[in-house]
Structures are given as structure tokens and as C-alpha cells.
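Biologist: Can you walk me through this one? I have some short questions.

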There are 2 protein chains.
Amino acid sequence: MTYENRQYRLAARPVGLPKATDWEFTKEPARAPEDGEVLVAVEYLSLDPAMRGWMNEGKSYIAPVKIGEVMRAGGVGKVLESKAPGFSPGDAVYGSPGIQAFATLKAKDLTKIDAKLAPLPVYLNVLGMPGMTAYFGLLDIGEPKPGETVVVSGAAGAVGATVGQIAKIKGCRVIGIAGGSEKCRFLVEELGFDAALDYKAGDLKKGLKEACPNGIDVYFDNVGGDILDICLALIAPRARIIICGAISQYNNTTAIKGPANYLSLLVNRAKMQGMVVFDYADRYGLAAREMAGWMAEKKLKSREDIVEGLETFPETLLKLFSGENFGKLVLKV
Amino acid sequence: MTYENRQYRLAARPVGLPKATDWEFTKEPARAPEDGEVLVAVEYLSLDPAMRGWMNEGKSYIAPVKIGEVMRAGGVGKVLESKAPGFSPGDAVYGSPGIQAFATLKAKDLTKIDAKLAPLPVYLNVLGMPGMTAYFGLLDIGEPKPGETVVVSGAAGAVGATVGQIAKIKGCRVIGIAGGSEKCRFLVEELGFDAALDYKAGDLKKGLKEACPNGIDVYFDNVGGDILDICLALIAPRARIIICGAISQYNNTTAIKGPANYLSLLVNRAKMQGMVVFDYADRYGLAAREMAGWMAEKKLKSREDIVEGLETFPETLLKLFSGENFGKLVLKV
């Protein structure tokens, strides 16, 4: 049986925000699996800030997507045909299918997931890469201790919301930074943050200073730019800053703004450390089991912002950079 | 017996480089020691980049020097009169006498030093704060491993020269960055650095890239500014950057330049960490003994740039910021 595939390929390297003309929409028959491969019907695709980096040329932690290649993306779906032991039609799987409706993938690159334990989109959020990023970034690099003050930016995003909830589970005071009063209300009322500050309204530095009278012990940075600088000015002695992303800077056409207050690291003998979630792959299973437990106990919530239609991809992706998404941004194929 | 004291006091908080009018030169009789105190004839004073920070108002790791106060400075000298058990006239001591010829100090703030083991100025260099800063910053935060590439800026300065020599002792490849061909020659020929780059001549980024074909594993930063940014662009995976100082930025009258390449920390899962030497006070003794051993074995050299005359203080201090000093800058009273 042949399936007609639909795909978004990278047509040009974007300057600033990705434009419609940076993509090429193609249709072609899905390739039948060979030995060791599986054909997957993709159901949900993960849209992530990191995708912007993969579109650029140059050395990074992962090779750039080539011009003409299907855009890289994580996703979940169901097996349609299998030529690999251990995979049968109907199995739910997680992998990196790219922005397309069908994907022929090596079985060794797929992880079977349990659709009964949680809805499939949760495997793109708390039980997927954003959850792993939050878990290892906060716990391994941030090392939060009970009673400490943890600040997270992009707090209503996929990584940020999980960071804040895990910090609460660990007994910390948690302050979220997000855009808009609706997101801030959600963080406090639904997720149990101690406070949330709307960076689009009022004086963020003043608000943060009031919310953190003893300074910031752990700052989980998803945004970079001015917010990183404000947090640097307010860190406590021996603070830990996790550099997870810098969404405010990804579409810059001018030079990136470096953190002018970085000498606060010296005065406070603090550290600022980068992290890439792939380094923790051998511990994903453990983390997922612990987080599934917290979800079962209702201590950890997974919120997805699901947009329908593969064809909406170019515009849906932009929601990440305008701050429009509310929870993990997911494309339903 | 009364001694006429001479002193430099802070008259005004400098804007940019300290000017002559930022100081007040005073003369007054030295105060006789009371119980628990010692009167010291100051012989050598330590002039350090950190002094510039102490002249500013505002929160830091140590209180600012007050207007009218004798300028804070470390120094060594000999006891003249003692009202404290354990200290006798003629004892050599290290302490923080400030910029003056005589100082009446609490015995508990003084450390006796052995003038036979090393000349007194060495206690302001390798066996003093710069040596301790180099030792703990490099070994505790940098954690260099044999075969790794260590880069140090301000390499001909008091801290930098010791950092490079300790890194060589630990089996690393060591590249120094310094200003001028004479300093660079000294680093390679006298101190055994593998290479030294003159930041005032040629293309530093190109030179550093060639000198570090596998990237930089440890960067010990004394200068900040553009050199920090160049090093960030060249770090290896899991690199460690020690933020010890930022002499290029201390006299800025405009905003400090943040490191625009800080996202290299993310890509390389690297860390950047600040340090303040005082935190290691309980291990100074151990470090001094180990470094004295290396000096005896001729593996570690201490070079001082000694300028005579307390009255030269205002202009001698400026040598630090013009990069004129060659080795630890010391004022001979």
C-alpha cells in the first residue's frame, strides 16, 4: 500500500524570523520500509525554539538542516508497517520524523511509548524533550535546595512550566517570568508558582527584586537578552544560572546582546552553565518514570497548545517567537 | 617613640581612570598600639586591579573604601611595637595596612611570614593573594586535566603568570595572552608557556585558533571585553571559564560590554564561574606550602615589578590599567 506524504523542506536559510519563502512544501509517496525500518504515520509534531538554530549554517551541538532536507522535528505517531523486530502495526512511537505526515525511520532511532499511560502529545512535553530538559537542567546544573528561590523565564512555555513545577516539588520558592496576565495567572493558580511576573507590563526589575528579597539562587534562562541581565543583577551568592536557550536572540539580524552584568558572577562567585538535553539520554527513562509518578500524584501538569494541520506549519512555528503559544506548542498532522 | 606616618586617602570616587585629585595625601603621627594590636613598619604594598572596584560605591564582595579613609591595600612589613602575644619587634608580617608607611593593626588580622624562605615581595605575589587566586581559581574551578589546553589572559600579570605555570606543572598545554612582544617572549622563554600571543599585534582570534587546534578547555579570564568574547568562540565541549577579573572594563564610563558569544556556553555545555579568593582562606596555608615547594624545585617563578616611593602611588597604580607592569606590581614604601 502506498501513502501520499506531505512535507516541509528547508528552502533557504532565514534571516531573522523564518518567512514563508524559507520553506518548500512537497508531496511524494512515502517510502516503504526496508529491513530494520518502520513506516510511521505521524500524529503530533513538536515545535521548539531550538528549531530556529538548526536552520542556521555553522557549528553547533547538532548539524544544521540542509537546504532541501525535510525540516527536523521530534514527533509521535503509530507504526503502519514494520520490517524491524519488536515493532508491530499500531505501536505508538516517539522519534524524529521531521515535518511530514509519514516517515520511514530506522527502528533503532525510535522509542516505543505507552499511549495508555498518557495522551500522545504529553510525550512531546513533560514526558519528552522539554520535560527532560527541565528535569536535568534544573536538577543536575541548578541543584536547587529546599527554601531556595528559583526564577524561570519563558515560564509558561514547555520547558519553563515543568522547571517551575519540579522546583516546587523540591521545596523551593518559585517565581515565573512570562508574557501576559493570562499566562501569569495560570502559573500561580494552576501550577502553584509562588509568583509570576509579566515582562510585558510594568518594571520587571523592580517586581523581581520585590519577589526575591534574598536574591535569586537558581535562574533557569530560556530567553536571554534583557531578562538575563536583570536576573544577573539580582543573583544571590553562589547562584547557579542554567543557560538553556535564548529565544529573544534567535532571530536577531544584528549581534547577540551579551549579558552586561556578567561580572555579577564574580562578585557572587556564581556560575552560568550551558546544557544540551541529549547529553542525558542514558537517564531519560529514569526521569520519565519519576515525572510520570508526579503526574499521577497531580503534582505535575502537562499543558499543550495543539494547532491542527501540517499545512499551518510555517505560521504556527512563529507563535514561539511572538510568545503566543501557551504551553508546549504541538502540530497535529 | 612616635613615627610620622604618610598616607593616601580616597578623596573622591573616580569616574574612569583614577586621577590625582581622587587622592588626598596626609601626614600624621602613627598611633601607638593598644592591647591586641601591633605597630607595623610597612615595607612593600600590593597594587592590584581589584583596588579599582573597591573605590566604587555599591554592593560588591567587600565594602567600598569610604571617602576620607586610607586606601585599602595588602602589604608586608616588620613589627615595630607589639601589644599582642606571639608578635615581637622584627617579625615579618603580611596584612592589609593600606597605602601608608606605618599601620597599627589588630594582631588577629596579621599573618607571620618567613623572610628566610622567600623575599618579602614574594608574599605579595606567588605566596600571597595573586598566587592564591591563581591556585584556587585554576585548580578548584578550572579543574585542568593533563593534555588539556589552558588559555590565560593578563598572562604576564601576577595572577596570570602563576596560572600558566601551575597549568604547566599539571601537564597542560598553556597559551598566554599578553600585551607586547617582550612579555610574550618572557612567558615562553622564562616561564615555559607553550605559546604566547600579543593582543596588541595581529589578529588575536586567528592566532588563538591556530594555537588551540582542539579548542580551549580552560580559559582563565583576567581581562573581560573582546578577549573574553574571542575565547568563548573557541571553547571546546565542557570547557570551564574562570571569571577572575575584567581589567579592560574597570574604568569604563559607559556600560560594561557583555560577552556576546555567551551562547557558546550552551552549544558546548560549558560553564563560566566567578571566584573571589577570600573564600579559600582556610586553605591558603596548604596552597602556600605546595607553591613554595614548586618554587624550590624551580618549577614556579615569582616576578615582581617593584616601584620605589610611597609618593608615586597615584601614578604607579595606573600602570596596571595601561598594561605597563611586568609581573606583580609592588610599591616599595
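Modeller: One term to begin with: a residue is buried if 20 or more other C-beta atoms lie within 10 Å of its own, and exposed if 12 or fewer do. Keep in mind that this is a predicted model.

Biologist: Fine. Let's use that on helix H9 of chain A: which residues of it are buried?

Modeller: Helix H9(A) covers residues 313–322, and its buried residues are A:Phe313, A:Thr316, A:Leu317 and A:Leu320. Seen down the helix axis, these fall within an arc of 105 degrees, so they line one face of H9(A).

Biologist: And what is exposed on the other side of H9(A)?

Modeller: A:Glu315 and A:Ser322 are exposed there.

Biologist: What covers the buried residues?

Modeller: The cover includes strand E1 (4–10), helix H1 (50–54), strand E14 (304–308) and strand E15 (328–332), which belong to chain A. After the helix comes A:Gly323, with a positive phi near 75 degrees.

Biologist: Change of topic. How is chain A divided into domains?

Modeller: The domain assignment gives domain 1 as 4–125 + 303–332 and domain 2 as 129–278. Taken over C-alpha atoms, the centres of these two domains of chain A are 28 Å apart.

Biologist: How many residues are in contact between them?

Modeller: In chain A, 17 residues of domain 1 are in contact with 15 residues of domain 2. The domain 1 side of that contact has six nonpolar, eight polar and three charged residues.

Biologist: Now the sheet with strands from both chains. What is its strand order?

Modeller: The order is E10(A)-E9(A)-E8(A)-E11(A)-E12(A)-E13(A)-E13(B)-E12(B)-E11(B)-E8(B)-E9(B)-E10(B), which makes an open sheet of 12 strands with mixed pairing.

Biologist: Which strands stand at the edges?

Modeller: Strand E10 (195–198) of chain A and strand E10 (195–198) of chain B do; each has a single partner strand, so one side of each is left without a neighbour in the sheet. On average, neighbouring strands of this sheet are turned by 15 degrees against each other, direction ignored.

Biologist: What packs on the sheet in chain B?

Modeller: Helix H2 (residues 129–142) of chain B does, touching strand E11 (216–221), strand E12 (235–243) and strand E13 (271–274) of chain B, and its direction makes about 145 degrees with that of E12(B). Helix H4 (residues 181–190) of chain B also packs on the sheet, where it touches strand E9 (173–178) and E10 of chain B. The angle between the directions of H4(B) and E10(B) is about 170 degrees.

Biologist: Do you have a pair inside chain A: how do E8 and E11 run, parallel or antiparallel?

Modeller: Parallel, with three bridges joining E8 (residues 149–153) to E11 (residues 216–221) in chain A. A:Val151 has A:Tyr219 as its bridge partner in E11(A).

Biologist: And where the chains meet, how do the two E13 strands pair?

Modeller: E13 (residues 271–274) of chain A and E13(B) pair in the antiparallel sense, over three bridges. There A:Lys271 stands opposite B:Gln273.

Biologist: How many residues does each chain bring to the contact?

Modeller: Chain A brings 25 residues and chain B brings 25. On the chain B side, E13(B) gives the largest share, four residues. Helix H7 (264–267) and E13 of chain B are the elements that give two or more residues to it. By class, that side has 16 nonpolar, five polar and four charged residues.

Biologist: Last one: what does A:Val93 pair with in E7(A)?

Modeller: Its bridge partner there is A:Lys112. A:Val93 of E5(A) also stands opposite A:Gly77.

Definitions and conventions
Residues are numbered from 1 along each chain as its sequence is written. Chains are lettered from A and ligands numbered from 1 in the order in which they are written. This is a predicted model: local features need pLDDT of at least 70, side-chain atom pairs count only at pLDDT 80 or more; totals for chains, interfaces and linings use all residues. Domain bounds come from an automatic or database domain assignment. Two residues are in contact if their C-beta atoms, placed from the backbone, lie within 7 Å. Ala, Val, Leu, Ile, Met, Phe, Trp, Tyr, Cys and Pro count as nonpolar, Asp, Glu, Lys and Arg as charged, and the others, Gly among them, as polar. Two strands pair if DSSP finds at least two bridges between them. Axes are lines fitted to C-alpha atoms, for helices over the stretch in contact, and angles run from 0 to 180 degrees between N-to-C directions. The arc is that of the directions from the helix axis to the C-beta atoms.
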